[in-house]
Structure formats: structure tokens, C-alpha cells
Amino acid sequence: MLLANILVAGFEPFQNAPIEILRENPSALQWPVQRRGGYERKLPALEVAIISESKTFLSSSACQKVVDAIYRGQVIYTPLSFVDILPDHYKHNPISLYNPRKAPLLNQYRLIVPRLRGMIEVCQFAILLALYVLTMVSREGLKITIYEVIFCAYATGWILEEFAAIIEHGWKVHTQNLWSFLDITFFFIYGTYFTTRMYALSSGEIYLGETALNILAIAAPVLLPRLAFNLMPDNMLFISLRAMMRDFTVLTLLAIWCFAGFFLSMKWLLDVSNHDGSRDGPDPATISKWMLWIWFGLDGTGIERSVDFHLVLGPSLMIAFAFLGNTLFLTILVSMLTNTFSKIVANATAEIHFRRAVLTFEGVKSDSIFAYRPPFNVVALLILLPLKLLLSPRWFHSVNVAMIRIHNAPILVLIGFYERHQLWRAPNGQPRGPSKRSKLFPWTFSGFSPHGDIQAVFETDPTEAILGKTVEVDLLTGSLEPVSQPQSMASGS
């Protein structure tokens with residue numbers, strides 16, 4: 001509980017600062033927040049560590065102990081957020097240990113537990129992906145099918161939830177997710193498709209409806225990998241892919257900016273050599289295509305046709321561009337990505353712990369909009385937001401809680417029964433209890449392997465006596481380390 005209060009309890013960044021400091025930083029108090037009963041402008045240490053990317057701190061055993069307890073829902077608290085779309089801050093739960101046997105069966109606060117939210121979000125995205133596939137497979141020309149209507153309604157609610165997640169903790173924290181760039185890409189694709197589709201229906205221009213469906217078709221390369229990111233968030237390939245994509249994008253934009261000079265030179269050479277319009281030359285689109293093919297080493301037509309710009313300067317520019325773009329740029333790119341991948345692999349444990357902390361912190365939501373499943377979150381927003389202006393905070397809280405419990409009754413019942421038996425069976429200092437083997441099927445298939453005994457060793461849980469001795473050894477080792485270190489340093493000097 002002491003560790004949890006240190007990491008999770010909110011504090012103001014300029015707390016207890018002298019008045020002179022606040023006068024020098026007037027923007028520090030201009031944080032646009034909503035009223036939270038005295039908890040405005042407060043940040044937990046966990047959020048500060050994520051924003052500053054303090055991966056070594058987050059990978060420490062003490063920090064991971066608290067992060068794992070919050071992730072599993074053993075430690076509960078009222079999260080602090082930036083802005084809520086549907087705020088309900090009538091009650092503020094202090095940091096405490098959760099006892100599922102004393103909690104009500106329909107406990108709506110369990111919907112913000114990161115582990116449970118992660119499972120719900122994976123199921124929601126799987127539904128979105130299934131509706132997308134059904135929409136594209138069952139297309140009947142430009143006719144709007146029932147699957148397309150359901151997909152649009154569900155996708156609108158899903159995007160509303162993603163937008164609420166962005167403003168919940170801010171863009172800086174949200175972009176630490178592995179799949180944040182995929183969500184933003186799908187948001188723009190769906191927004192363009194929906195706008196074009198609605199405009200085609202209102203204006204009667206049929207060709208725009210076909211364009212809208214073509215735009216929606218390019219969402220497949222975004223949605224399919226996103227599901228893999230959700231199912232394997234700790235995979236080093238996906239963790240390194242995110243960082244490598246960032247470096248690749250930055251380097252590509254710099255290369256395009258620098259190589260734009262070659263394009264302008266060739267365009268102006270062509271204008272000078274063809275000032276009287278006596279001969280036809282390549283247009284700017286053709287020049288860009290030639291340069292792109294040379295950049296990726298696909299075709300050398302641009303080098304062959306470079307004499308169209310100038311007999312000497314044209315080939316010189318194209319050959320220089322080929323050396324710099326195809327040879328130097330790709331060499332730098334490969335070296336840069338290799339260095340990024342090697343750094344991430346070398347710090348694999350810290351990277352995985354950091355991603356787990358990000359998922360944990362983002363999973364604890366304070367906005368009531370997350371308690372409603374898409375597309376019902378859109379309906380709840382349209383109903384409850386006007387009611388908030390008419391009702392008192394107490395009555396609005398009562399109405400909101402009642403709607404959440406009715407809407408999520410089956411999910412809350414399953415969570416209640418599960419956590420009454422499984423929540424505190426954790427490996428962090430707590431015995432797991434009985435074996436995981438089913439009573440109906442007491443045998444395991446590891447016996448068919450010649451190394452089944454090795455598998456059984458790792459599946460067997462230690463007893464309380466062994467765990468107690470392990471803790472004593474850890475404490476003894478920790479108490480000896482500060483003493484032995486100065487002695488070794490003194491002897492070395």
C-alpha cells in the first residue's frame with residue numbers, strides 16, 4: 001500500500017513551489033481541466049514516468065509489483081485524467097486493496113481494471129474486424145447493405161472510444177501504445193470513407209459511392225495487423241517495429257525534403273531547354289515516377305531519358321541522385337534501423353515492462369463513456385450529456401451507475417464470480433493454491449514427452465515455506481549489497 005500510494009497518488013507538478021517560481025511559470029496553472037472535487041491538475045508518478053520514458057525506473061521490482069497489482073485489479077483507485085467526455089466524479093475512491101468477496105456483484109468499477117479492459121477491447125476490435133470483412137465481402141455494387149449500416153454504427157462508437165482514450169491521458173501517453181499509429185490511420189480512412197459516402201448519397205453522384213468503397217478497402221492492411229498487436233503486446237518484433245517505423249518515417253521525410261532539389265533542378269532544366277515548346281518533354285508526374293523507381297532500384301528509365309533535360313547536366317543529376325538515394329540513403333537507413341533494433345533487444349526486459357506500464361495506466365479509465373460498449377456509447381452520450389446539465393451530481397451519478405449496470409450486467413456477473421475465486425491467486429508473494437488441472441481431466445499431456453518431468457517442474461508452485469525463505473534471502477542480499485559495494489570500491493582505488 002505504501003508503494004501504491006507513492007506511485008499512484010496524484011500530486012501537482014509545482015506543488016509546494018515558492019510563489020516566485022509560479023510567477024515565472026504562469027502557464028503552469030493554466031491547465032484546462034474539469035472540476036474533480038479538489039483533485040484538479042494532479043499527476044501520479046506512474047504517468048510522469050511514462051511521459052518521461054523512465055524505463056529503468058518502471059522496470060524495477062518495486063514499481064512492477066504495483067503495476068502488476070493495478071493491472072490485475074488488486075489495487076483500486078480513482079484515476080486522474082486530462083479531460084472526460086462524459087464526466088462523473090461524484091465519488092472518489094481512495095487507494096486501497098480490493099476484496100471481491102465484500103464488493104457488490106454488479107460492481108461497475110471493475111470495468112476499468114486494465115486486464116479486464118484489455119480483454120473487452122480485444123473482443124470489441126474482433127467484432128469491428130468481423131463487421132468490416134462482412135461489409136466488404138457482401139457488397140452489392142453501390143447499394144448500402146445491412147452489414148454496411150451495422151459496420152458504420154459500430155465503427156462510429158469504436159472511434160468515439162478511441163478519441164476518448166486520446167484525450168483521457170493526452171496524446172503523449174496514448175502514442176506510447178504499440179498500435180496507436182494504426183488506430184489513427186484507420187480513423188482517417190474511415191472518416192474519409194464516411195464523409196464521401198454520405199456526400200454521394202445526398203448529392204446523387206454515383207461515382208463518389210464507388211470511390212468511398214475503394215477508400216474503405218484500403219483499411220484491411222491496418223485492421224488485420226492491429227489484432228496481432230493486441231494479442232501479442234509483449235512481442236519484441238512488434239515493440240521494435242514501432243520504434244523502427246518512427247525512425248523510418250523521420251528519415252524518409254528528411255530524404256524527400258533534401259531530394260526535392262534534384263526534382264526542381266531537372267524541372268527547370270527541362271523548362272530552359274524547351275522554352276519555345278518545340279518538343280514534348282516529361283511532365284512533373286513522370287519525373288517523380290522516374291526518381292521513385294531509381295530510389296527503390298526498380299527501373300533505370302530516368303537515367304536513360306536524362307538527356308531530355310540536358311545533354312550533360314541531366315545525366316549528371318540523375319546519376320548523383322541514384323548514388324545518394326539508392327546507395328547512401330538505403331545504407332544509412334539499414335544501419336539506423338539495425339542500431340534501433342539492437343538497442344531494443346539489449347533492453348528487452350525494460351521495454352516489455354515499460355509497455356506493460358503503459359497498458360496498465362491507459363487501461364484505468366475515469367471517463368464514464370468507456371463503460372458503454374460500441375455503438376451504445378454514442379447513444380449514452382446523446383442521452384446522458386444533456387441530463388448532466390439538468391440533474392444534480394448525485395442524481396446524475398445514480399442514473400449513470402444504473403444504466404452502466406443494466407448495460408453490462410452479464411459481463412459484471414462473470415467478472416464477479418471469476419474474481420471471487422481467482423483474483424488473489426497471483427505469483428507476487430501469494431500462493432496460487434490448488435493446481436490448475438481440471439477435476440474432470442486430472443492428467444496432463446506432458447507425459448507423452450520424454451521431457452515431461454522438466455515441464456512439470458516449471459508448472460509446480462512453491463510452498464509458503466519456500467516463498468518465506470526466498471524473501472528472507474532477498475532481504476539479506478539487499479542489506480549486504482550497500483556494505484560490500486563501498487568496500488570493493490575502496491580496495492579498487
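These exercises walk through the pockets, cavities, surface patch and salt bridges of a predicted model.

Since this is a predicted model, local features need pLDDT of at least 70 and side-chain atom pairs count only at pLDDT 80 or more, while totals for chains, interfaces and linings use all residues. Residues are numbered from 1 along each chain as its sequence is written, and side-chain values use heavy atoms, with hydrogens and water left out.

**Exercise 1. The largest pocket**

Describe the lining of the largest pocket by residue, element and class.

Solution.

Step 1: Start with the term. On a 1 Å grid over the protein atoms alone, a pocket is an open set of points with protein on both sides within 12 Å along at least five of seven lines; a cavity is a set where a 1.4 Å probe fits but cannot get out, and lining residues have an atom within 4 Å of a point.

Step 2: Take the volume, the space filled by probe spheres set on the points, which are joined across faces, edges and corners. For the largest pocket this is about 490 Å³.

Step 3: Find the residues. There are 26 in the lining, and those nearest the centre are Pro 114, Gly 118, Glu 121, Trp 179 and Leu 359.

Step 4: Assign elements, with helices (H or I, at least four residues) and strands (E, at least two) taken as DSSP runs numbered from the N terminus. Helices H6 (114–137), H7 (146–169), H11 (220–231) and H16 (348–363) each bring at least two lining residues. H6 has the largest share, seven residues.

Step 5: Sort by class: Ala, Val, Leu, Ile, Met, Phe, Trp, Tyr, Cys and Pro are nonpolar, Asp, Glu, Lys and Arg charged, and the others, Gly among them, polar. The pocket lining then holds ten nonpolar, five polar and eleven charged residues.

**Exercise 2. The enclosed spaces**

Describe the largest and second largest cavities by volume and lining.

Solution.

Step 1: Five cavities of 30 Å³ or more are present.

Step 2: The largest cavity fills about 330 Å³. Of its 22 lining residues, Asp 88, Tyr 109, Lys 365, Ser 366 and Ser 368 are nearest the centre. Helix H18 (residues 393–407) contributes the most to this lining, four residues, and the classes are nine nonpolar, eight polar and five charged.

Step 3: The second largest cavity has about 50 Å³. Its lining includes Tyr 98, Pro 100 and Arg 110, as well as Leu 412 and Glu 419. Here the classes are six nonpolar, two polar and three charged.

**Exercise 3. A nonpolar patch**

Locate the nonpolar surface patch and the helices that build it.

Solution.

Step 1: Patches use residues with over 30% relative accessible area and no salt bridge; like charges are joined within 9 Å, and nonpolar side chains (Val, Leu, Ile, Met, Phe, Trp, Tyr) within 5 Å. Areas come from the Shrake-Rupley method with a 1.4 Å probe, and for residues only the protein chains shown count as cover.

Step 2: The patch covers about 750 Å² and is made by Leu 134, Ile 144, Ile 146, Tyr 147, Val 149, Ile 150, Phe 194, Met 198 and Leu 201. Two or more of these residues come from each of H7 and helix H9 (180–203). The leading contributor is H7, with four residues, while Leu 201 sits in H9.

**Exercise 4. Salt bridges**

Compare the setting of three salt bridges: Asp 68 with Arg 356, Arg 117 with Glu 121, and Lys 143 with Glu 140.

Solution.

Step 1: Side chains of opposite charge can pair when their charged atoms come close. The criterion is a side-chain nitrogen of Lys or Arg within 4 Å of a carboxyl oxygen of Asp or Glu. Nine such bridges are found in the whole structure.

Step 2: Asp 68 and Arg 356 meet at 3.0 Å, N to O. This pair links distant parts of the chain, 288 residues apart, with Asp 68 in helix H5 (residues 61–72) and Arg 356 in H16.

Step 3: Add the accessibility, where buried means under 20% relative accessible area, exposed over 50%, and partly exposed in between (1.4 Å probe, protein chains only). Asp 68 is buried at 13%, and Arg 356 is partly exposed at 23%.

Step 4: Arg 117 and Glu 121 have their closest N and O atoms 2.9 Å apart. Both belong to H6, four residues apart, about one turn of the helix. Arg 117 is buried at 1%, whereas Glu 121 is partly exposed at 25%.

Step 5: For Lys 143 and Glu 140 the closest N and O atoms are 3.8 Å apart. Lys 143 is exposed at 53%, and Glu 140 is partly exposed at 47%. Elsewhere, shared partners join Arg 117, Glu 121 and Glu 161 into one salt-bridge network.
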